[in-house]
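Please open the model in your viewer and keep the sequence panel visible beside it. The stops below say what to select next and what is to be found there.

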Amino acid sequence: MTTRIVELRRGILKKNDELAAGLRGRFGAAGVLVLNLVSSPGTGKTAFLEFTLRELRARGAKVAALVGDLETDNDARRLAASGAPVRQINTHGICHLDAEMIDKHLAGWADLPGENGVALAGLDYLFIENVGNLVCPSSYDLGEKIRVALLSVTEGEDKPLKYPTLFNSADAAVITKMDIAEPCGFDRELALKNINEIRPGIRIFETSAKTGAGMEEWLGYLAEARAGRSA
Amino acid sequence: MHELSIAASIVDAVTESAAAYPGARVKEVRLRVGALASVIEDSLQFCWGITIEGTPLEGSKLVVRTLPVVTHCEACGQDGELESLQSFRCPHCGEPATDLRQGRELEIDSIEIDEVEEAV
């Protein structure tokens with residue numbers, strides 16, 4: 001019997017990373033901007049996305065959404081009311097989406113608008129609403145161009161400090177429910193400072209899907225990102 | 001809670017690599033895990049015990065080496081280890097740190113195996 005050390009030096013999530021790289025290539029070739037929305041449960045990702053899908057469609061953009069939840073298709077039904085093609089991914093207990101789930105659900109998506117036989121080429125934006133969780137989704141690349149971390153005014157200004165991994169890996173940050181900031185005693189300056197401590201220089205949008213506040217700036221950012229001028 | 005998926009991914013990868021050494025027993029699996037990798041070692045160790053049961057890795061030990069976050073500072077030109085995950089600033093000059101050089105790793109570094117001597 002001899003003992004031997006074998007160097008492996010391989011990524012534990014190599015399979016997911018390779019699949020995500022393949023997806024990123026497909027999204028880029030099809031010219032679709034893909035965003036991965038991550039937050040705690042209850043931050044208001046779905047309301048934020050409902051507003052975004054509805055407004056983008058009203059402006060003539062072609063949009064679609066994939067939405068992840070442990071159970072139920074409630075969110076997919078809410079988002080589909082915008083008229084955009086939407087698919088629900090049920091993870092049945094798994095706390096995050098991974099690249100394989102995205103790949104699988106794109107493959108069987110019949111009502112995804114296509115061009116010249118390429119399903120994704122008919123789209124301008126694809127939004128992926130991740131499972132509500134601030135920890136696990138940060139490890140799984142879905143092939144997105146932009147990862148958005150959302151935080152609501154009811155969650156506490158120190159959320160970014162408590163979950164630095166996610167906020168540090170984000171490309172944009174969105175504060176939701178700004179319409180109830182005052183009754184919640186939300187300290188706006190402190191929240192902005194904390195986000196900047198974790199991810200210096202990140203674009204931050206202060207929004208309310210209820211009143212539409214801050215949404216124009218967010219939609220402008222999306223248009224710029226799609227045109228390749230930011231992110 | 002994704003440590004169970006992580007443990008399963010490690011078992012798959014090591015089983016695949018160890019297949020090159022028929023009959024060998026895996027004694028130890030050594031990981032390099034960045035401080036920003038979102039993996040809790042206690043939780044991973046707990047999941048490891050469950051995941052390796054009934055696999056060729058049963059009885060193996062998981063050794064986790066945690067790597068600090070290292071940033072490169074544009075302002076002062078130096079690399080440095082972050083002092084706290086609650087403040088991404090250059091430890092030398094205090095400027096905001098945006099260029100991460102280490103800290104997101106989630107890798108299997110090496111495995112230690114007992115090989116069966118070939119019969120002569």
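**A walk through chains A and B**

Begin by selecting strand 2 (residues 33–38) of chain A and strand 6 (residues 146–152) of chain A, which run parallel and are joined by four bridges. Strands here are DSSP runs of E of at least two residues, helices are runs of H or I of at least four residues, and both are numbered from the N terminus; two strands are said to pair if DSSP finds at least two bridges between them. Within this pair, label A:Asn36, whose bridge partner in strand 6 of chain A is A:Arg147.

Before going further, note that this is a predicted model, in which local features need pLDDT of at least 70 and side-chain atom pairs count only at pLDDT 80 or more, while totals for chains, interfaces and linings use all residues. Residues are numbered from 1 along each chain as its sequence is written, and chains are lettered from A and ligands numbered from 1 in the order in which they are written.

Now widen the selection to the open sheet of chain A, where seven strands follow the order 4-3-5-2-6-7-8 with parallel pairing. Strand 4 (86–90) and strand 8 (203–206) of chain A stand at the edges, and because each has a single partner strand, one side of each is left without a neighbour in the sheet. From one strand to the next, the twist averages 20°.

From strand 4 of chain A, step back to the loop that links helix 3 (74–80) to it, and select A:Gly83 there. Is A:Gly83 buried or exposed? A:Gly83 is exposed, because 12 other C-beta atoms lie within 10 Å; with C-beta atoms placed from the backbone, a residue counts as exposed at 12 or fewer such neighbours within 10 Å, as buried at 20 or more, and as partly exposed in between. A distance drawn from the C-alpha atom of A:Gly83 to that of A:Gly31, 52 residues apart along the chain, should read 21 Å.

Next, show both chains and select the open sheet of four strands with the order 1(A)-6(B)-1(B)-2(B), in which the pairing is mixed. Its edge strands are strand 1 of chain A and strand 2 (61–67) of chain B, each pairing on one side only. Strand 1 (residues 2–11) of chain A pairs with strand 6 of chain B in the antiparallel sense over eight bridges. Along this pair, A:Arg4 has B:Ile113 as its bridge partner, and A:Gly11 stands opposite B:Glu107.

Colour the whole interface next: 29 residues of chain B are in contact with 28 residues of chain A, contact being C-beta atoms, placed from the backbone, within 7 Å. On the chain B side, helix 1 (3–18) and strand 6 (106–115) are the elements that give two or more residues, and strand 6 of chain B supplies the largest share, 10 residues.

Finally, stay with helix 1 of chain B and add helix 2 (residues 41–51) of chain B, which packs against it at an angle of about 55° with the axes 9 Å apart. Axes are lines fitted to C-alpha atoms, for helices over the stretch in contact, and angles run from 0 to 180 degrees between N-to-C directions. Residues to display in this contact include B:Ala7 and B:Val11 of helix 1 of chain B, and B:Leu44 and B:Trp48 of helix 2 of chain B.

Note on methods: Two residues are in contact if their C-beta atoms, placed from the backbone, lie within 7 Å.
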